[in-house]
Each structure stands twice: as structure tokens, then as C-alpha cells.
Amino acid sequence: MPHALYGDDPEPEEQGPAARLCVPARPVAHGFTIRLFLTPVGDRTAAAFTSPERLRAVLGAEHPWIPLSEPALRALVRPLGIRTLTFDPALSAPTPSAAATPTPAPTSTPAPAPGRPLSALTR
């Protein structure tokens with residue numbers, strides 16, 4: 001029986017060494033839970049950063065995170081129906097200081113009604 005050549009068979013998905021990702025988390029009663037985010041179109045996604053510096057640049061220096069490999073993160077979010085991971089996302093919302101500053105409403109003066117003098121509106 002002839003043997004198949006090595007190149008004829010499809011290769012299994014090759015996985016390199018599992019790199020450590022910095023995954024945003026939040027404290028809960030018995031440890032941490034990963035934070036989930038929304039994509040610009042409203043789908044849920046798990047975010048992961050390739051370095052602590054990148055995470056701090058987006059979420060702040062005090063934001064908690066846990067180290068996970070990509071396969072571990074995918075295994076955690078798969079039961080939740082999440083198939084998308086977002087690596088090194090940029091913050092898309094306005095900064096809290098800009099969002100907290102209300103924009104003043106434009107002031108306008110009512111236009112005088114046709115045929116009435118302007119002084120009639122100020123009485």
C-alpha cells in the first residue's frame with residue numbers, strides 16, 4: 001500500500017509557545033474575574049494586552065490584570081459565546097475628565113416677530 005507523502009496530509013494547527021498576555025480583571029470574593037468589553041459594533045469581546053505597559057497606557061496604572069495565555073483566555077470565554085479576542089485595543093471612549101465636563105448650551109436670543117419692534121420683546 002503506498003504511503004502518503006508528508007506534504008499531502010493537512011497539518012494540524014501549529015501552536016507556538018503560549019505567550020503571556022495581560023488580561024484586564026476585577027477583584028471578586030475569591031480572586032479575580034476577567035473583564036469583558038464591547039467592540040465598536042456592540043459585540044462582546046475579551047481584551048488582552050501584549051505588555052503591562054500597553055495595558056496601563058489604555059486602562060491606567062492601577063487597573064488590575066492577570067497573566068493568561070491565549071488558549072487559556074479562549075477557553076474561559078468560549079462557554080460565554082465569545083469567539084473574538086481583541087489584542088492591544090485602544091480606548092475609544094472619551095477620557096473621564098472630558099466626559100464629566102458638561103458642554104455649555106448655546107445661548108440664543110429670540111428673533112423678533114415680524115412687524116413687532118425689538119423693544120416689545122424686552123418688556
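This passage describes a three-stranded sheet and the two helices that lie across it. The model is predicted: local features need pLDDT of at least 70, side-chain atom pairs count only at pLDDT 80 or more, and totals for chains, interfaces and linings use all residues. Residues are numbered from 1 along each chain as its sequence is written, and side-chain values use heavy atoms, without hydrogens and water.

Three strands (DSSP E runs of at least two residues, numbered from the N terminus) form an open sheet in the order β2-β1-β5. The pairing (at least two DSSP bridges between two strands) is antiparallel. β2 (31-34) and β5 (65-68) are the edge strands, each pairing on one side only. Neighbouring strands are turned by 55° against each other on average, direction ignored. Strand β1 (residues 21-28) is joined to β5 by four bridges. Val23 stands opposite Ile66 in β5.

Helices are DSSP H or I runs of at least four residues. Helix α1 (residues 52-59) lies across β1 and β5, at about 55° to β1. Helix α2 (residues 70-77) lies across β1, β2 and β5, at about 110° to β5. Contact means heavy atoms within 4.5 Å. Axes are lines fitted to C-alpha atoms, for helices over the stretch in contact, and angles run from 0 to 180 degrees between N-to-C directions.
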